[in-house]
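User: Please take a close look at one part of this structure, beginning with a loop residue and its backbone, and then connect it to what else can be seen. I am in my first year, so please go slowly and explain how each step follows.

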Amino acid sequence: MRMTPRLLATGMSLWAPNLWSGIRVKRFSPDWTEATVELHVNLITRNYVKTAFGGSMSAMTDPYFFMLVRHQLGSDYVVWDTRGEIEFVTPGRAVLTAHFEVPAARVAEIRERARGGAKVLEWFETDIRDRSGAVVARVRREVYVREKRRVTDAARIASTSSGSNASAVRR
């Protein structure tokens, strides 16, 4: 079964860790450049002082930059979420929203930097906002990208064999 943006959004919303944490994936864009995620602050997802639990806010931002990059690059790349930072700005209540954006041009640049198996570490940023649009937290996530060895090796073999053919033609 081919993974579609709608199928992934539904699956991520129903995935037990997200479901029980009040996290709902509202959408992935058809071109995998954007995602929107909500955190519903309720009895289960709030902390001792009845505001959004920081762990839930961190969890709501965990895999989405990684997923957007991964789906744009395709299966020829290793992509991991490696590190995250969160700065809590103000207490979060009710419904909180995070919007993730990874433009295709940025992914093209990452693809170029990862060519030949080079390791790329790229930071992405987003804000978590409340219904009024006020910033509740600022989040940074680091994504690791590397072209898979089989792709790198295949390119190396192809360039070697095309070099042999070129010299044979010149003789």
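Analyst: The residue to begin with is K50, which is exposed, because its relative accessible area is 55% and the cut-off for exposed is over 50%. The structure is a predicted model, and each value that follows is computed from it. K50 sits in the loop that joins strand 2 (34-40) to helix 3 (54-59). What is unusual about its backbone is the sign of one angle: K50 has a positive phi of about 65°, although it is not a glycine.

A94 can be read alongside K50, since A94 is not a glycine and has a positive phi of about 65°. Its place in the chain is the loop between strand 3 (77-88) and strand 4 (95-101). With a relative accessibility of 39%, A94 counts as partly exposed. A positive phi of about 90° is found at G74, just after helix 4. Helix 4 itself, which spans residues 64-73, is mostly covered, for seven of its 10 residues are buried. Those buried residues are Y64, F65, M67, L68, V69, Q72 and L73. To follow this pattern along the helix, it helps to know that an α-helix has 3.6 residues a turn, so residues three or four places apart point the same way.

From the loop that holds A94, one can step back into strand 3 and look at its charged side chains. Side chains of opposite charge can pair when their charged atoms come close. In strand 3, D81 takes part in such a pairing: the side chains of D81 and R141 meet in a salt bridge, with 2.4 Å from N to O. Because D81 lies in strand 3 and R141 in strand 6 (residues 135-147), this pair ties together parts that are 60 residues apart in sequence. The partners can be described by their cover as well: D81 is partly exposed, with a relative accessible area of 22%, whereas R141, at 8% relative accessibility, counts as buried.

A further pair involves R83 and E142, whose side chains meet in a salt bridge of 3.0 Å, N to O. Here R83 belongs to strand 3 and E142 to strand 6, so the pair ties together parts that are 59 residues apart in sequence. R83 is partly exposed, its relative accessible area being 43%, while E142 is buried, with a relative accessible area of 6%.

These pairs belong to a wider set, as the structure holds 11 salt bridges. One of them joins the side chains of R129 and D127, at 3.3 Å from N to O. R129 is partly exposed at a relative accessible area of 34%, and D127 is partly exposed at 25%. Elsewhere, R106, E109, R113 and E122 are linked in a network of salt bridges.

As a last contrast with the exposed K50, consider S13, which is found in helix 1 (residues 5-14). S13 counts as buried, because its relative accessibility is 11% and the cut-off for buried is under 20%. If residues up to four places away in sequence are left out, S13 touches N18, L19, I23, R24 and V25.

Definitions and conventions. Residues are numbered from 1 along each chain as its sequence is written. This is a predicted model: local features need pLDDT of at least 70, side-chain atom pairs count only at pLDDT 80 or more; totals for chains, interfaces and linings use all residues. Side-chain values use heavy atoms; hydrogens and water are left out. Helices (H or I, at least four residues) and strands (E, at least two) are DSSP runs, numbered from the N terminus. Buried means under 20% relative accessible area, exposed over 50%, partly exposed in between (1.4 Å probe, protein chains only). A salt bridge is a side-chain nitrogen of Lys or Arg within 4 Å of a carboxyl oxygen of Asp or Glu. Contact means heavy atoms within 4.5 Å.
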